[in-house]
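Reader: I would like to learn how to read a model of this kind, going from a single strand outward to domains and cores. Could you take me through it step by step?

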Amino acid sequence: MRTVTHPEHEHDATTGDKGMNKARPARLDLRAASGGGLFDYAPAPESVRPDIADRYGLFIDGSFVEPGSGNWFPSINPATEGTMSMIAEASTADVDRAVKAAREALPAWSGLPAKERGKYLYRIARRMQERARELAVLETLDGGKPIKESRDVDVPLACAHFFYHAGWADKLKFALPGRDPKPVGVCGQIIPWNFPLLMLAWKIAPALACGNTVVLKPAETTSLTALRFAEICAEIGLPKGVVNIVTGAGETGRAIVEHDGIDKIAFTGSTQVGKMIAKAVAPTNKRLTLELGGKSANIIFEDASLDQAIEGIIEGIYFNQGHVCCAGSRLFVQESILDTVIDKLSDRMSSLRVGDPMDKNTDVGAINSKEQLATISKYLTLGDKEGAVRHDVCNSSLPDKGFWCRPCFYSGVQPSHTIAREEIFGPVLAVMSFRTPEEAISRANNSPYGLAAGVWTDKGSKIFDVARRLDAGIVWLNTYNKFDPTSPFGGYKESGFGREGGRHGLLAYCR
Amino acid sequence: MTSTDTQHLPPSSPTVDAVMVDRRAKSFTTRSIKKDSKMAALELAISMIDLTTLEGADSPEKVRSLCVKAKRPWERDEEILGRRLGHVAAVCVYPSMVPHAKEHLAGSGVNVASVATGFPSGQYPLDIRVRDVKQAVADGADEIDMVINRGAFLSGKYGVVAEEIRAVVEACGPAHLKVILETGELVTYDNVRRASDIAISCIREGDFIKTSTGKVSPAATMPVTLVMLEAIRDAYKQTGTMYGMKPAGGIRTGKQAWHYLCMVNETLGEGWLSPDWFRFGASSLLNDVLRSMQKLATGEYAASYDFSDA
């Protein structure tokens, strides 16, 4: 295994004779930022600690109920490995109860004047804003993401989705001209653990705006914010049965997918599970949208604004520990600037702070679960074995307990390497080079996935030409990971089909 | 005056994309600095302040009270903090006030900084601007804050800009130089980066580049300062030569100050966290820093009038 630890930037220490007598460091030392230096940042823990019940039942027909299965599973804080609460496991019978409740609620909900539905969505959005800090803290405790991300990204965006769709509720005819939009019916929604509350908002807000009722299953490692959302639904007086939250793992998901009383399945998660769902749904009348994995390309041309492109790389792959379906996990750098980019990236990464997700200064938090850490470790071993050069340039110390992975990147990656082809879903970047725009485009498109891409250049004609020719549902130009409810999100190829957000997102929830 | 517009052009400067610069600069404002780190940052900030008065109404008496404040920023430091605080970095005045400042600051460790070169516009013949510098140095200025020729810069005469900076460097002799880009008049980040590179190519190790005169709005902003810090970092990585940075104008609170310090820390490293390499050009910042210190030490916010004006 070849690895590069912190690259040295030694310089000749001649000071010249300029009458200056100043202390100067032997080299550019950014490591101080990660602790132990002159200007160490003292811990800045988030002080709000929301009440967490010992156990949570299923939210069916407007109230929390015991699971018929009688089974409960623990929800772990990945930063401490401590059990936070016991979560009900919904059986097939429980899912059936939830679907029945949603079915019974459907006529009244879809028959409500559209502007009244909009009011409920506004109330949800406002209540989420009021409880934003509590939701952010819960999200961080449950999922391991840095508090600054859940506080500044996840929760505000989730609220924004409800506000946005509240506005559409009574304007669907304008959103979808030439049609008379009707709700699809009962929607079964299955969401992943990387953005629990945000993915819930992406699914529930458009469904409710269009007059549907829902049965939603959060991922088994991150149920808490969905259950808190259920409390909000009850609190604002949302009619019973319109939103039902059933917690559980794969079997609960299967029960939703296979339930006859469901009209539409919306799934966000791995491509592997997405394919199973597509097969299960194929012989039925159910509608389906899938938002699956990705191995998105971030392309840096030599004429790009490099320091900003470096920010885009960091944002692209280390945001949320790389647990992002649209993560820019393949970096293509024009050969002429490859060394410069690797050097700048190493410097920038050395200032990343990994650790307690509840610390407001943490840049990279905990890996969501033990299983995911094992997956990432497997890919690191493979990357080393297949001959790429690993750059362990982040010096941040790691806590003793919990699931942690220091962000790193690989150079010398070949397109055939596993780490360049498969989705790692962790803070691991594969760096490759190219020489011409043609080569960049064909390499970027040489992937089973087609979710997102980034293009970095200062040249306007090039940026639009390249963006147009990339097989990706989202292409960010001179930026990365910009999300907005008005902008449709979704993929091509094995990254799924259907769009969420914007007017396009409404289509999936209307007949 | 020789015009060499096509000569001495700086190496082509990297372009700067506004969206991600703004995003990165904003990220430093979410750094949360607490307790000991905050106290250390505030104390560091005091040591980096160029306490400034640049008014037409300045008088020897005004400068005298500024000097007193510069030497002993807080008369109640021992009472509240239990220790005596250090002095600020420099007192920054117009050239006519240099002799007065020098008189009060001699032997104190506080430098006398003088704006010169026809500050703030710089719209004077070069020989007059150079004489302005020489006179200030002769009167005892330890540091000279010059303005670049923005007219020449904006019309693309980069060679003229560079040549004039070199002339001022020469006129400075032993005095340290700070080159004011007046970024509020350069408008774009690309211009800020290019002007930074031009200035850096002309000055000596230990000299500074500085954002603003404080007479033009906007003055210092975090993204502009970040672009300039990146120019300093790139120069250091290429040549091993260290240059200083001074944001000036608009930095009024202790909180802003530690956001800037976080930015310096994470862009250049802790080697730059000293008044030798980083300064704040400010007049009202000092008292807010003291106020933050009192809050940290006693848990209570003092009224602004509890702190003596300079």
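**A strand and its neighbours**

Author: Let us begin with pairing in a sheet, keeping in mind that this is a predicted model. Strand S18 (residues 452-456) of chain A is joined by 4 bridges to strand S19 (residues 474-477) of chain A, and the two run parallel. Within this pairing, Gly454(A) has Trp476(A) in S19(A) as its bridge partner.

Reader: Through which helix does the chain cross from S18(A) to S19(A), and is the crossover right-handed or left-handed?

Author: The path leads from S18(A) through helix H15 (residues 460-468) of chain A to S19(A), a β-α-β crossover that is right-handed.

Reader: Which other strand is joined to S18(A) by bridges?

Author: Strand S12 (residues 297-300) of chain A is joined to S18(A) by 4 bridges, again in a parallel arrangement, and here Ile300(A) stands opposite Trp456(A).

Reader: Which residues of S18(A) point one way and which the other, and are they buried or exposed?

Author: Ala452(A), Gly454(A) and Trp456(A) point one way, whereas Ala453(A) and Val455(A) point the other way, and all of them are buried. The strand is accordingly described as mostly covered, with 5 of its 5 residues buried.

Reader: How is chain A divided into domains?

Author: The domain assignment gives domain 1 as 55-292 + 495-507 and domain 2 as 297-484. Their C-alpha centres lie 30 Å apart, and 18 residues of domain 1 of chain A are in contact with 24 residues of domain 2 of chain A.

Reader: Which helices supply at least two residues each to the side of domain 1 of chain A that touches domain 2 of chain A?

Author: Helix H3 (132-143) and helix H4 (147-168) of chain A each do so, and H4(A) provides the largest share of that side, 4 residues. By class, the side holds 6 nonpolar, 7 polar and 5 charged residues.

Reader: Where should I look for the largest nonpolar core, and how many residues does it have?

Author: In soluble globular proteins, nonpolar side chains tend to be buried together. Here the largest nonpolar core has 108 residues, and those with the most contacts inside it include Ala45(B), Ile49(B) and Leu261(B). Helix H11 (residues 222-239) of chain B contributes the largest share of this core, 9 residues. Leaving aside residues up to four places away in sequence, Ala45(B) touches Gly254(B), Ala257(B), Trp258(B), Leu261(B), Phe280(B) and Val289(B). A second, separate core of 86 residues includes Ala105(A), Ile147(A), Ala255(A) and Met358(A).

Conventions: Residues numbered from 1 in each chain as written. Chains lettered and ligands numbered in written order. Predicted model: local features only at pLDDT ≥ 70, side-chain atom pairs only at ≥ 80, totals over all residues. Core = buried A, V, L, I, M, F, W, Y, C linked by C-beta atoms within 7 Å. Buried ≥ 20, exposed ≤ 12 C-beta atoms within 10 Å, placed from the backbone. Contact = placed C-beta atoms within 7 Å. Pairing = 2+ DSSP bridges. Right-handed = clockwise from strand over helix to strand, strands pointing away. Domains from an automatic or database assignment. Nonpolar A, V, L, I, M, F, W, Y, C, P; charged D, E, K, R; others polar.
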